[in-house]
Structures are given as C-alpha cells and as structure tokens.
There are 4 protein chains.
Amino acid sequence: MAIRKKIPVGILGATGSVGQKFVAMLANHPWFEITEVAASERSSGKKYKDAVNWILTTPLPKNIANMKVKDCKPMLKCKIAFSGLDSSIAGGVEESFAKAGYIVVSNSKNHRMDKDVPLLVPEINSDHLKLIKKQKFGKGCIVTNPNCSTIGMVLALKPLLDNFGLEKVNVVTMQALSGAGYPGVASLDTIDNVIPFICGEEDKLETEPAKIFGKLADNKIEYSRIKIGAQCNRVSVIDGHTECIQVKLKKKASIDEIKKAWNKFSGKPQKIKLPTAPLKPLHYFEEAKYPQPKIHRDIDKGMGVSIGRLRKDPLFDYKFVILSHNTVRGAAGGAILCAEMMVANNMVK
Amino acid sequence: MAIRKKIPVGILGATGSVGQKFVAMLANHPWFEITEVAASERSSGKKYKDAVNWILTTPLPKNIANMKVKDCKPMLKCKIAFSGLDSSIAGGVEESFAKAGYIVVSNSKNHRMDKDVPLLVPEINSDHLKLIKKQKFGKGCIVTNPNCSTIGMVLALKPLLDNFGLEKVNVVTMQALSGAGYPGVASLDTIDNVIPFICGEEDKLETEPAKIFGKLADNKIEYSRIKIGAQCNRVSVIDGHTECIQVKLKKKASIDEIKKAWNKFSGKPQKIKLPTAPLKPLHYFEEAKYPQPKIHRDIDKGMGVSIGRLRKDPLFDYKFVILSHNTVRGAAGGAILCAEMMVANNMVK
Amino acid sequence: MAIRKKIPVGILGATGSVGQKFVAMLANHPWFEITEVAASERSSGKKYKDAVNWILTTPLPKNIANMKVKDCKPMLKCKIAFSGLDSSIAGGVEESFAKAGYIVVSNSKNHRMDKDVPLLVPEINSDHLKLIKKQKFGKGCIVTNPNCSTIGMVLALKPLLDNFGLEKVNVVTMQALSGAGYPGVASLDTIDNVIPFICGEEDKLETEPAKIFGKLADNKIEYSRIKIGAQCNRVSVIDGHTECIQVKLKKKASIDEIKKAWNKFSGKPQKIKLPTAPLKPLHYFEEAKYPQPKIHRDIDKGMGVSIGRLRKDPLFDYKFVILSHNTVRGAAGGAILCAEMMVANNMVK
Amino acid sequence: MAIRKKIPVGILGATGSVGQKFVAMLANHPWFEITEVAASERSSGKKYKDAVNWILTTPLPKNIANMKVKDCKPMLKCKIAFSGLDSSIAGGVEESFAKAGYIVVSNSKNHRMDKDVPLLVPEINSDHLKLIKKQKFGKGCIVTNPNCSTIGMVLALKPLLDNFGLEKVNVVTMQALSGAGYPGVASLDTIDNVIPFICGEEDKLETEPAKIFGKLADNKIEYSRIKIGAQCNRVSVIDGHTECIQVKLKKKASIDEIKKAWNKFSGKPQKIKLPTAPLKPLHYFEEAKYPQPKIHRDIDKGMGVSIGRLRKDPLFDYKFVILSHNTVRGAAGGAILCAEMMVANNMVK
C-alpha cells in the first residue's frame with residue numbers, strides 16, 4: 001500500500017514513557033508524520049528535548065527534538081492523536097479530542113471496555129472497527145489498544161480458538177519493569193526480588209480477551225465466554241512480559257496440530273503488509289529454555305510474539321510459555337498498528 | 001528436650017553449595033556436632049577452608065575451617081550423614097553409607113520416591129519415619145527431604161487439605177538462582193531475563209506431594225490423589241522461591257476460614273520445640289504486595305513459609321502466593337529438621 | 001559502661017529511609033529509648049506503622065509500630081534528636097531543636113562544615129566534641145556525621161595518616177542504591193547499568209576528610225592538608241559502598257607495615273566498648289577478590305570497614321579497595337555511635 | 001573502497017563468546033566471507049548450529065548455521081584467520097597458522113606484547129602494521145587487538161596526547177560481565193554485588209597503551225613513556241565497560257580545547273571509510289549523568305567511544321568518564337577493523 005501524503009499525527013502525553021516510545025516509532029514512519037507533541041502544563045511551551053527526560057536507549061529523533069510541546073487540548077494540527085496519557089486523566093482528554101473530530105488511538109485503559117469503543121488487535125478483530133459508527137463524536141472517534149499483558153496472550157490464543165475452541169485459560173505473568181512507566185518501580189524493590197502484585201492487572205487480563213474475541217453482531221460485541229484466571233507478577237526484567245499459560249480446548253488437538261496452527265497463523269495486517277505489522281505474528285521455539293525476554297523480545301521489530309515449551313498439562317490440556325514486548329507490541333507499536341489498519345480501511349480522511 | 005551429649009554428624013558433599021549451608025547451620029547446633037566433612041577426591045585430604053570456595057555471606061565457621069576433608073566413603077566417625085551430594089553420584093554413595101550403619105539424611109532426589117524411604121516434612125508426615133523399619137540396611141537408613149520448591153507448597157497446602165480437602169492444585173514458580181547451585185546460572189543468562197525452564201523440576205512438584213500427603217497403612221504409603229499441575233521458572237533472585245498457587249477444595253471455605261487454618265497450623269516440631277523448627281510454620285501477610293523474597297525469605301530463621309494475596313479465582317476456588325527459603329527450609333534446614341525429628345523419636349542411638 | 005536509666009531519644013524524619021534505619025537500630029538499644037518519632041505534616045498524627053512505607057528487610061519493631069508520629073517541631077519529649085531529615089529542610093529544623101535545648105545528632109549535610117559543628121567519626125576525632133562549647137545554642141547543640149562515602153574512607157586512612165603521613169588520596173566509588181533513599185534510583189536506570197554521577201557527592205568526599213582529620217587548637221579546627229580527588233558512581237548494589245583508593249604517603253611503608261597498621265587500629269569507642277562500636281573498625285582480607293558488598297557489608301554489625309587488595313601503584317604509592325555499609329556505618333549507625341560517645345563523655349545530662 | 005571479490009576468512013574458536021561475535025559481525029560483511037569455522041575437538045565435525053550454545057541476542061546467521069566445524073589446524077580454506085581462542089591455547093595455534101601462511105588477527109593476549117607483532121588500533125597506530133615485515137612467518141603474520149578495557153581508553157586519550165601531551169593517566173574501570181566470556185561470572189556473584197578484581201586486567205591496562213602509543217622507528221616500536229595506574233572492577237552490566245579516567249597533561253588545556261580535540265578527532269579508518277569504522281570514534285555528552293552503558297554502548301554500531309563529565313581534578317589536571325562496548329569495539333569489531341585496515345593497505349593478497 002502506498003500513501004500519497006503523510007498523515008499528520010500528534011502524541012498526547014509525549015514526554016511520558018509510552019509517549020517517548022510513540023515518538024521513537026513514529027519519527028520515521030512511512031505513513032505518519034509527527035506534527036504535534038503535547039503534554040502536561042509543566043512541559044507545555046518548552047522544546048521537546050528540554051521537556052523530556054529521554055529514557056529510551058535509541059536516541060531522541062532529531063526531527064522531533066526542537067518541536068514545541070503543546071497543551072493536551074484539542075487545538076492540535078493533526079488528524080490522529082495517539083494517546084500515551086496516564087489513566088488518571090486520559091478519559092476526559094481523549095473524549096474532548098474525539099468530540100473535536102480527532103481520531104484518538106489510545107493506549108490507556110479508560111475507554112477500553114466502553115461498548116462502542118473497539119478494543120483492537122488488528123490480527124484478530126479488525127472488524128470491530130465498525131463499532132466506531134455508533135460512537136457519538138461526529139467525525140472523531142476513539143479506538144483502544146489492550147493492556148500490555150493481554151495482547152501477547154490473545155495473539156497466541158487466537159489460532160487455538162479458531163482451530164480447536166477454547167474453554168478455559170489460566171495465565172501467570174512475569175512482567176517487565178518498563179510496564180510500570182518511569183520512574184516506576186524503585187530499584188530497591190526489584191533487585192534480588194519479585195513483586196507478586198500489579199494493581200488492577202489481573203482484572204484486565206481476565207476481562208479484556210472476552211471483548212477482543214467477541215463477535216460483532218448488530219453493531220454490538222457479543223462477548224466470548226472463555227473463562228480466564230490470571231495472576232500477575234513484576235520481575236527484574238527491563239522489557240518483555242513472559243507468561244505461563246494453560247489451556248483447556250473444546251476439541252482434541254495434538255501437539256503437532258497446535259504448533260502448526262501457530263506457525264501458519266497470519267492476519268489481515270500481514271496480508272496487506274501494514275508497515276508496523278510483524279512478518280509473522282507468532283514464532284514457536286523448540287528449545288526447552290526458550291522464549292526468554294532478553295533474547296526474544298525484539299523479534300520481528302518487537303511486534304512478534306514468541307512461544308515455547310508446549311507440553312501436556314495434568315489439569316488443563318496443554319501448557320506453554322509466551323513472551324511479547326510490552327512497550328512495543330503491548331503499547332506504542334500495537335496502537336500504531338491499529339492506526340495503520342484504519343488507514344488501510346480508508347477510515348482516516 | 002535436652003541432649004546429654006552432642007551427636008556426631010558428617011556432611012557428604014561438604015564443599016558444594018548445599019554442603020556449605022549444612023556446615024553453616026550445624027556449626028553451632030545444640031544437638032549435633034560436625035565431626036566429619038567429606039567431599040570428592042579433588043578436595044579430600046585438604047583443610048576444609050582450602051578445599052571450599054565459600055559462597056555464603058555468613059563467615060566460614062572457625063571450628064570447621066581447619067577440619068580435614070575426607071572421602072565420601074563409609075569410614076567416617078559420625079552417626080548421621082547429611083548428604084548434599086549431587087544427584088549424579090548421591091544414589092550409590094548414600095546407599096553405601098546406609099549399608100554401613102549410618103543414618104543418611106539426604107537432600108538429593110535419588111531415593112525420594114523409593115517406596116521404603118520417607119519423603120519427610122516433619123510438620124506433615126513424621127509418622128512416615130516408620131517406613132524405615134522396612135529398609136534393608138540393618139542399623140543404617142535413608143531419609144529424604146523434598147525438592148526445594150515442593151516443601152513450601154506442601155506446608156501451605158497441609159492445613160487446606162486437613163480442613164477442607166484438596167482436589168486440584170496448580171502452581172507456577174519463580175525460583176531463586178541459589179537453587180541451581182554454584183556456579184549455577186551464568187550471570188549473562190539472568191540479568192534482565194527470566195528462564196522459563198528448570199530441568200526435571202515440574203515433575204518433582206507434580207509427584208512429590210502425593211507421597212508426602214500419603215497415608216501410612218501396613219507400612220506402605222498410599223499416595224494421595226491430589227492432581228497437581230506445575231510450571232517452573234528461574235528469575236533473578238538470590239534466595240527464596242515465590243510460587244503462585246491455585247486450589248480447588250473439596251469443601252466450601254471462606255477466605256477467613258482459610259486464613260484461620262493457616263494461622264493456627266502447627267506441627268509436631270513446634271510442639272516438641274525442635275531446635276531448627278520455626279515458631280510458626282506459616283505466616284500470612286495482609287499487604288497486597290507481600291510476600292516478597294528480599295523481605296520475607298529469612299522469616300523464622302528461614303524455616304517459615306510466607307503466604308499472601310489469598311483471593312477468589314475464576315477457574316479454581318482460590319489463588320494465593322507463597323514464598324519459602326530454598327536453601328534453608330528447602331534444603332539444609334529442612335534436612336536438619338528431619339534429623340532432629342528422628343532424635344526426638346529416639347531413632348538415633 | 002552501664003546506664004542507670006535509658007535516655008529518651010526522638011527521630012526526625014522517622015518515616016524516611018535513614019529514619020527507618022534509626023528506628024530499627026534504636027528499637028532495642030541498651031542506652032537509648034525511642035520516645036518520639038517525628039516526620040512531615042503528611043505523616044504527623046498517624047500511627048508510625050500507618051505513616052511509614054517500611055522498606056527494611058528486618059521487621060518494623062513492635063514497640064514503635066503504634067507510636068503517634070509528631071511534627072518536626074521542638075516540642076518532643078526527648079533529650080537527643082537523631083536527624084534523618086532531607087537536606088532541603090534539615091538545616092532550619094535542626095537549628096530550631098538545638099536552640100530549644102536538644103542535642104541534635106544529624107546525618108544531613110547542612111551543618112557538617114559549620115565551623116563550630118563537629119563532623120564526628122568517634123574512632124578518629126572524638127576530641128572535636130569540645131567544639132560544642134562554642135556553639136550558641138545554650139544547652140542544645142548540633143553534632144554531625146560525615147557523608148556515607150566519606151566515613152569508610154577516613155577510617156581506612158586514619159592508621160596510614162598516623163603511622164606514615166598522607167600526602168594525596170585518590171578515590172573512585174561504586175556506591176549502593178540505598179544511598180539515594182527511597183524510592184531513589186528508578187529500576188530502569190540501574191538494571192544492566194552504571195550511573196557515573198551522584199550530585200554533590202564528589203565535593204563531599206574531597207572536602208570532609210580535611211575537617212575530620214583536622215587538629216583542634218584554641219577551640220578551632222585546623223584543617224588537614226591532604227589533597228583528595230574523588231569520582232563517584234552509582235552501581236546496581238543494594239547496600240554497601242565499594243571504593244578504589246590510592247594513597248601517596250609521607251614516609252616509606254611496606255605492605256606488611258600497612259596491613260599491621262590497619263589490623264591493630266582501634267579507637268576510643270572500642271576501648272570503652274560503646275554498644276554500637278564494631279569490635280574492630282578495620283578488617284583486612286587477603287583474598288584477591290575481596291571485599292565484596294554482598295559478602296562483607298554486614299561485618300561487625302555493619303559498623304566495620306572491610307579492606308583488601310593492598311598493592312603497589314605506579315602513580316601513587318599504594319592502592320587498595322574498601323567497603324563499608326552506607327546506611328549503617330555511613331548513616332544511622334554512625335550517628336548513633338556519635339551519640340554514644342557523647343553519653344560516655346558525660347555530655348548528655 | 002570497493003572489493004572485487006570477497007576475501008575468505010575463518011574463525012578460530014568460533015563457538016566461544018568472542019567467536020560468536022565474530023560470526024555475527026562477519027556473516028554479512030561487505031569485504032569478508034566466512035568460509036571456515038573452527039573450534040576444539042569437542043565441536044569439530046558437527047554443524048555449527050549444533051556445536052554452538054548461541055548466547056547473542058541477535059539470531060545465529062542462517063548462512064553459517066549449517067557450516068561444518070573444523071579443527072583449529074592450519075588446513076582451513078581462508079586467507080585471514082580471526083582468533084577468538086582462549087589464551088590458554090591461542091599462542092601456539094596462532095603461530096602455527098601464521099607459519100602456514102595465514103594472516104592471523106587475534107583478540108587473545110598471547111602475542112600482544114611480542115616485539116614484532118602490531119598491537120593495533122587502526123585510528124591510532126596503523127603505521128605499526130609495518131612491523132609485520134620483521135615477522136618470520138613467510139607470507140603469514142600475526143596482528144593483535146588490545147584488551148577490551150584498553151581500546152576505549154587509548155582512543156579517548158589519543159587526541160589529548162596529540163594536542164597537549166600526556167604525562168600520567170589514572171583509570172578505574174567498571175567492566176561488563178560479557179568480558180568474562182560464557183558462562184563466565186556466576187549469577188550468585190554478581191547480583192547485588194561488585195567484584196573488585198579481574199585477574200591480569202590491571203597489568204594489561206597499565207602496559208598496552210605504551211606500545212600502542214609507541215613510535216615506529218627502524219622497524220622497532222619505541223614505547224611511549226606515559227605512566228598509567230589502573231584498577232579494575234566487575235559490575236553487574238551485560239555489555240559496555242565504563243572507565244573513570246584522570247589525566248595529567250604536558251601542556252595547559254582548557255575544558256573547551258579538550259572537548260574540541262575529542263570532537264574533531266578522526267583517524268584513517270574514518271578517512272577511507274572502512275566498513276566497520278565508526279563515523280566518529282569519539283562522542284562527547286554534556287549531560288552530567290552520561291555516558292551510561294545501557295544507553296550508549298551501541299553508539300556508532302558499538303564501535304564508537306562515549307565520553308562525558310570532563311571536569312577539573314585536584315590531583316591530576318582533568319577527570320572524565322568513558323564508555324565503550326567491550327565485545328564489539330573491544331573485541332570482535334576491533335579485530336575486524338584491523339583486518340579491514342590491512343586490506344586497505346593492500347596487505348591481504
């Protein structure tokens with residue numbers, strides 16, 4: 001797909017940790033051009049490079065460094081507003097942008113479970129974008145990205161759901177520190193330690209998949225009935241959420257059939273070659289010790305999900321381990337892929 | 001209980017990581033006196049302080065430093081032989097000691113599932129010591145300690161089993177590096193990483209509890225029928241295994257009833273005040289972020305198990321988190337408690 | 001030395017990280033009794049256990065847990081006020097307490113270099129306590145503790161100064177995270193990283209020793225003329241500052257003579273057996289790989305300094321490595337030792 | 001510069017950690033083509049992918065995976081042999097290859113200080129390649145790469161030497177774990193720890209620069225007389241050596257003059273655009289907290305050296321911090337740059 005002219009985009013919360021990842025991933029995007037960076041009053045008016053405490057290991061893009069930071073008010077010169085805002089304020093700000101005609105693509109939790117708002121994983125449920133018509137924002141709209149620990153899991157589950165049906169899913173996560181933002185977790189709490197609690201996280205993992213896997217009928221999403229149990233832990237890893245998953249399938253399936261289902265899985269983003277789409281959404285590793293966050297988190301530009309250790313389970317049918325990059329696939333990259341899907345669907349005009 | 005004269009004990013594999021922990025914990029024991037330290041041929045003949053690469057943060061006990069290291073052959077001057085041997089050689093060596101009349105208390109996996117060998121957690125199944133009569137070693141015998149990730153779990157499960165019955169248990173571990181011995185895991189594999197695989201570990205967690213919870217009848221252990229699913233991970237923690245556990249009970253139980261069952265749980269080692277026994281085997285924490293290995297692993301001299309986050313689970317009945325010190329309660333300390341139990345039972349003469 | 005009745009003490013900034021260490025170390029002190037815990041308005045009025053986010057791995061002392069937190073105003077019922085206040089407010093608050101007749105023993109930097117205020121390391125310069133007479137606070141006074149990275153160094157240097165004279169000292173530190181307080185350094189900044197900068201730290205290391213080693217004459221301190229160069233780094237260690245030190249001596253000295261000077265070094269706190277004094281201030285290790293923070297920081301109750309690797313240096317005369325516990329010897333413990341010295345000197349009435 | 005046909009190269013010790021880095025960096029090299037991978041007898045005969053325990057986070061190159069591993073004997077089909085051999089065997093093996101006519105470019109220490117062997121940093125002393133003529137290996141020869149902690153330092157010192165003269169240099173390193181190879185440092189030794197000792201390292205840092213900065217006269221290297229003192233530490237960092245450096249200059253220089261000297265520094269590899277040369281050898285950062293290994297080690301493909309914190313020093317003239325990637329610039333990448341320099345000099349035929 002070719003784009004005649006780059007689409008102007010703005011980033012809300014551009015100085016935060018998710019905002020920075022948006023900046024890094026959009027700075028040289030083939031379809032989008034950052035025309036606005038917006039943040040809180042404290043930063044507004046400053047040059048971006050002066051307002052931001054850049055924490056990424058890739059350098060601050062030069063073409064963004066001298067941009068003037070604006071307020072998070074719907075007076076920005078752009079069509080799409082990517083939101084990396086903190087959930088304490090994201091709800092209202094995003095609504096105000098949608099009402100003013102912007103396409104808001106948000107990484108925040110606030111509107112995820114709203115009934116007219118797509119909770120989008122483009123490989124899985126891009127048809128949910130039709131929900132937007134029901135939104136009452138005129139030309140504007142809100143589209144959301146699932147929680148960082150949800151995305152990897154639902155991508156790994158989708159081929160199982162399609163091929164064998166899913167009755168129950170159990171998941172225990174070991175999540176990276178970058179998921180808590182910056183400064184986030186204190187170093188004294190994480191060296192030589194595990195924190196077996198992430199506020200609100202288990203609930204997201206237990207509820208978001210039902211919406212993502214839901215069927216669109218009459219412009220409403222009928223939630224899937226998969227039962228999910230989740231336990232979430234924070235471990236001493238910089239990037240990359242590792243998840244131990246158990247599944248009870250509806251139909252019998254052999255280990256080979258499951259691996260095959262994963263290996264051949266491909267979605268619309270792959271078919272139409274969206275710029276940020278991974279070549280393969282799922283990568284299965286045969287080595288017993290894989291996947292590992294340090295080694296596999298950047299697979300397929302950080303947009304692929306790594307899977308390993310598929311084996312029988314005494315309580316469910318199978319167990320396996322997945323890994324996905326929480327700030328790329330699980331945040332900024334996932335949101336950008338949503339926006340690309342909308343462009344491809346001709347929804348950005 | 002008072003002991004008239006200290007019982008002479010030897011340590012097999014005394015220079016290894018478990019062996020060192022035995023040395024540290026036995027150096028000033030009220031009942032036992034280390035009279036022998038034995039190790040491989042490479043160390044034999046040297047002074048202990050010269051043979052060992054002491055890795056503990058407590059100092060090498062002065063009264064042991066100059067002891068001469070002996071061969072692991074049954075010619076040691078002691079009654080009890082604590083075995084911290086590697087499983088590649090432990091099986092045969094332990095048998096040779098038992099045949100020669102020694103009481104072998106082993107931390108190795110080799111004889112754990114032998115039908116005449118007690119797999120002992122003194123708070124749970126000290127009656128299993130009667131099995132020893134069936135062993136064919138004359139005055140000698142072998143008693144074993146469960147795997148480091150099993151002990152904490154079975155202690156937390158025991159009051160649930162007794163009060164409400166247990167149908168199914170699901171466990172995902174985040175295990176400490178010290179469980180892999182020394183040098184064990186390479187630093188390049190653990191910084192900024194999780195390793196979702198520990199060879200052989202899941203099988204131990206799924207099978208050992210059935211024996212530990214088994215009923216002794218006709219001098220045979222009738223295995224418990226609890227179904228257990230286990231997934232094991234290595235995380236960047238020095239000491240202390242954290243485990244996310246889900247349980248399906250046979251009888252209904254409220255959160256308060258379960259907490260009460262944990263809080264009042266006490267075993268024979270507590271009753272008769274064995275020197276190494278924790279005052280309370282189980283410690284429940286109300287703070288959502290607890291237990292954490294850095295903070296709670298040393299609770300009750302490292303012999304207590306910390307529990308937290310009891311809450312309802314959509315798939316099982318309840319889920320919670322436990323933590324126990326893998327080289328104290330889960331290895332050397334657990335084995336010493338077994339030996340103390342035998343002394344209290346008048347089995348060491 | 002025996003104390004007839006415990007001396008009532010208060011802790012300013014009791015909920016902070018240094019304040020917590022004061023609480024932990026004073027909770028069962030043989031001479032002192034915590035009668036007051038004071039903190040900012042946000043905490044004042046609450047029970048201590050509710051106001052504090054307890055971050056130490058030792059449990060919150062039960063006898064302090066229910067104390068009511070007071071304001072940091074000079075209306076506390078105590079004789080000594082230990083200050084763990086942040087330097088942004090410590091200056092004024094400490095003065096107000098001194099003026100009101102309290103003995104203030106402070107870990108903050110504000111008054112350290114005041115000409116009438118002792119910068120005390122009891123093994124080195126307890127005669128500096130005489131300076132107090134010149135303070136204009138009536139019955140009250142202020143005594144300070146050096147910076148956490150200074151204390152270990154000056155203790156290791158003192159025997160060299162006394163025996164061989166010191167011309168130049170060069171030091172490069174690798175400092176622990178706990179030195180930055182809590183939450184302090186973000187975990188994303190420290191895992192797999194070194195931060196080669198600690199604001200203001202190098203200046204303290206370069207200037208404080210001159211005062212500590214200064215001679216008291218006519219109730220004034222004549223600064224020592226040792227030239228010191230310092231470079232400070234933050235590394236991924238929880239507790240314990242490691243320092244690479246080079247020295248140029250005034251007199252020739254052999255390696256053996258230096259080791260001997262260190263080994264026989266003992267100060268007044270050792271002689272009169274102050275409760276918090278280490279048995280030996282300095283511990284030399286012959287192993288090339290020692291000292292190491294994980295292994296040696298708690299030596300002698302965390303009050304001892306570990307030294308190792310003494311060897312010739314091409315640019316100076318000798319180089320060596322020291323290690324000391326930054327929150328014990330370098331903060332709360334050091335300050336408590338100062339107060340004990342004052343009690344022994346009959347300065348607390 | 002264009003190459004008509006790729007030059008066949010072999011890698012000695014191809015399965016080790018340095019060997020793997022050679023494989024990764026040479027797999028798609030514009031001038032060189034890996035035609036042979038050689039290792040110890042244990043690996044020889046196997047496919048490379050089966051013989052190697054691949055530890056890099058970049059994937060094992062597909063075009064190398066199925067190559068058959070050969071013995072480290074001079075019967076390989078290649079012109080250049082890159083040696084990542086362990087120093088316990090490198091000396092003899094490298095000689096045997098040179099004698100057989102191979103160009104050996106070695107990362108091992110064995111021949112570094114041999115008087116006919118260039119110790120090469122192409123930006124600094126590419127004229128030392130003339131020494132090769134004096135070697136007695138016929139068409140073959142040996143060229144070496146300095147120690148990983150030396151390279152970054154000499155690159156940062158070179159413009160100071162050229163512009164202001166250097167009298168004394170003092171350096172304290174905080175070195176990454178990857179410098180110890182794999183498995184290298186045990187995780188139990190590095191979490192929450194610093195190891196203030198690296199065997200043999202300080203001697204290399206104190207002696208190698210004198211040769212590197214030496215003048216070639218009469219086909220002999222006249223060693224530079226800079227006096228260097230070094231102290232080396234291992235810290236919990238995966239890649240990237242951080243070094244605190246102090247310098248005494250021969251001529252006065254202002255901070256601005258020094259920064260300018262660094263910023264304009266460029267060598268022959270930059271001029272002739274060698275494929276692996278960094279665009280700029282030195283990158284100065286104004287932020288006080290920079291450079292940091294996690295952020296800057298990969299600068300300029302891992303071949304650039306980061307510098308920061310230039311400031312006056314009380315004992316020397318100036319102090320500053322440098323950082324360079326120990327396995328890229330400090331090992332495989334540095335050696336490859338040496339080979340490229342030889343190709344450009346028409347020494348590979």
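This text covers the contact between chains B and D, then a sheet in chain D. The model is predicted: local features need pLDDT of at least 70 and side-chain atom pairs count only at pLDDT 80 or more, while totals for chains, interfaces and linings use all residues. Residues are numbered from 1 along each chain as its sequence is written, chains are lettered from A in the order in which they are written, and side-chain values use heavy atoms, without hydrogens and water.

Chain B and chain D each give 15 residues to their contact (heavy atoms within 4.5 Å). Together they bury about 1,300 Å², of which 72% lies on carbon and sulfur atoms; buried area is the accessible area (1.4 Å probe) lost by two parts on being put together, summed over both. There are 0 salt bridges between chain B and chain D (a side-chain nitrogen of Lys or Arg within 4 Å of a carboxyl oxygen of Asp or Glu).

In chain D, 6 strands make an open sheet of mixed pairing, ordered S10-S7-S11-S14-S13-S12. Strands are DSSP runs of E with at least two residues, helices are runs of H or I with at least four, and both are numbered from the N terminus; two strands pair if DSSP finds at least two bridges between them. At the edges, S10 (227-234) and S12 (282-285) of chain D each pair on one side only. Strand S7 (residues 166-175) of chain D runs parallel to S10(D) and is joined to it by 8 bridges. Within this pair, D:Val169 stands opposite D:Ile228 of S10(D).
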